[in-house]
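Visitor: Could you take me through this structure step by step, with the reasoning behind each answer?

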Amino acid sequence: MADRYLSFTGTGPGRFLTRRLGLPQPAPLIRFSPEHPALDGDVLLLTAGKSGLDLSAAVPASADSSRRAAAAVLDATGVRDTDGLADVHAALHPALRTITAGGRVIVLGAPLDAADHHQAAAQQALEGFTRSLGKEIGRGRTVNLVRLTDPAAAASTLRFLLSPKSAYVSGQVIEVGAGALTAPDDPDHPLAGRTALVTGGARGIGEAVAATLARDGARVVVLDVPQAEADARRVAERLGGSALALDITAVDAGDRIAAALPDGLDVLVHNAGITRDRRLVNMDAGRWSQVLDVNLASVLRTTDALLTSGALHPGGRIVATASIAGLAGNAGQTNYGASKAGIVGLVRSLAPRALAEHGVTVNAVAPGFIETRMTAAVPLFIREAGRRMNSLAQGGLPVDVAETTAWFAHPGSGAVNGQVVRVCGQSLLGA
Ligand SMILES: NC(=O)c1ccc[n+]([C@@H]2O[C@H](COP(=O)([O-])OP(=O)(O)OC[C@H]3O[C@@H](n4cnc5c(N)ncnc54)[C@H](O)[C@@H]3O)[C@@H](O)[C@H]2O)c1
């Protein structure tokens, strides 16, 4: 379903009318394509507080701050008190006007120090700052906070955030641990030689995830229910991969995946999901359990089976799909909200153990309003509200979720673990 309002506000009369009426003015987002692989412009490197970080390997900085910039990276890891916060203002206040439409602001923060409440207050302040700036900056620009200790381990994350691939990711706080950096042999095909399985890959977001992982060099396996087998085959053939007709709720789904992939797999994307909306007072037990089973129980079962059998190779990646409905709650979606919040719990608990015991990271994407068949079926006015109620005033595209998944899957993202990253244009729903 095309966003006609976005097209209209791009015309002269549309701009005039929407400005006069005080209506949202979404800026068209610039997304990755082979013709447009990078942001147009320089990256300003700014510092607040005393930082000991060497960012040269992680951020391609430019020295000339008088030119218009595509991004500003503010190193605020050295901010330890409220005086340091004054430096945040001093650094970004003059720089903001130089950042082009569709540009990026990335704030780098340090982990909160439990033994120093002044440092913790100042570092936590960066979250409120980031989210507030994201809501006001406008013109398709995004603002995110990355907490890090080791810039080299955060290089894949900074590259993602400084690229057109992160166009719909804003207002996020991402923590990156320390760790050895694994550089791919071929930077244009970082997943070459790897196998990725995408559940629910026959259409919608899953199809885009499969296509994006294939673009990055992965051999993709498109899993979907037997009723969608023809679509799954069509997608797989287009991407040079294979299809697997399987209902993910089958109790032995993990074993059947392992049997279909005797050489194992590297990337497991739990994307399949369903809604069966009703207010709780009208919801029968069937609707409740169907949603919990597809969206959560089957994710737990297949994850356990594939991890314990060793089918997921060391260096592997699990990416699950949450939703902002699981973070903020949504009327009519107690089943769906519960299932998606469960994904967050799964990720936070399993991530450290999966990395320590299997060398596998576990993260989740939490999509907001994404333009798919699922959201095209939403009644007009609710759909319009869903699209506009975010800082970018528009819906995201399946490819936005796919690019975030590809960043998690990247060989250089081994220090990104236990994260739930919203792909929601900084939705007003939930933090
Ligand atoms: N579209 C959005 O705005 C949005 C927002 C937040 C979260 N999500 C989540 O993103 C994921 C994909 O959403 P979408 O909009 O592309 O949905 P979609 O309905 O277009 O596609 C879902 C796919 O999953 C498959 N599937 C369903 N049950 C399955 C099962 N038991 N076994 C195997 N495959 C199964 C379907 O056949 C379908 O191909 C879901 O987890 C959804 O909850 C979507």
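What follows is a short conversation about one helix and some charged side chains in this predicted model.

Visitor: How far apart are the end C-alpha atoms of helix α11?
Guide: Helix α11 covers residues 334-358, which makes 25 residues. At 1.5 Å a residue, a helix of that length should span 36 Å, and the distance in the model agrees with this expectation. The end C-alpha atoms of α11 are apart by 34 Å.

Visitor: At which residue in α11 does the kink lie?
Guide: The helix bends by about 40°, and the place to look is shortly before the proline Pro352. The kink lies at Leu350, which is also among the buried residues of α11.

Visitor: Is Arg387 buried or exposed?
Guide: A residue counts as buried when its relative accessible area is under 20%. The relative accessible area of Arg387 is 3%, and therefore Arg387 is buried.

Visitor: Which residue in the loop between β11 and α12 forms a salt bridge with Arg387?
Guide: Side chains of opposite charge can pair when their charged atoms come close. In this pair the closest N and O atoms are 2.7 Å apart. Arg387 itself lies in helix α13, so the pair ties together parts that are 16 residues apart in sequence. The partner in the loop is Glu371.

Visitor: Which residue in helix α13 forms another salt bridge with Arg387?
Guide: The two residues are 3 residues apart in α13, so they are separated by about one helical turn. Their closest N and O atoms are 3.2 Å apart, and the partner, partly exposed at 24% relative accessibility, is Glu384.

Conventions: Residues are numbered from 1 along each chain as its sequence is written. This is a predicted model: local features need pLDDT of at least 70, side-chain atom pairs count only at pLDDT 80 or more; totals for chains, interfaces and linings use all residues. Side-chain values use heavy atoms; hydrogens and water are left out. Helices (H or I, at least four residues) and strands (E, at least two) are DSSP runs, numbered from the N terminus. The expected span of a helix is 1.5 Å times one less than its number of residues. The bend at a residue is the angle between axes fitted to the seven residues ending there and the seven starting there. Buried means under 20% relative accessible area, exposed over 50%, partly exposed in between (1.4 Å probe, protein chains only). A salt bridge is a side-chain nitrogen of Lys or Arg within 4 Å of a carboxyl oxygen of Asp or Glu.
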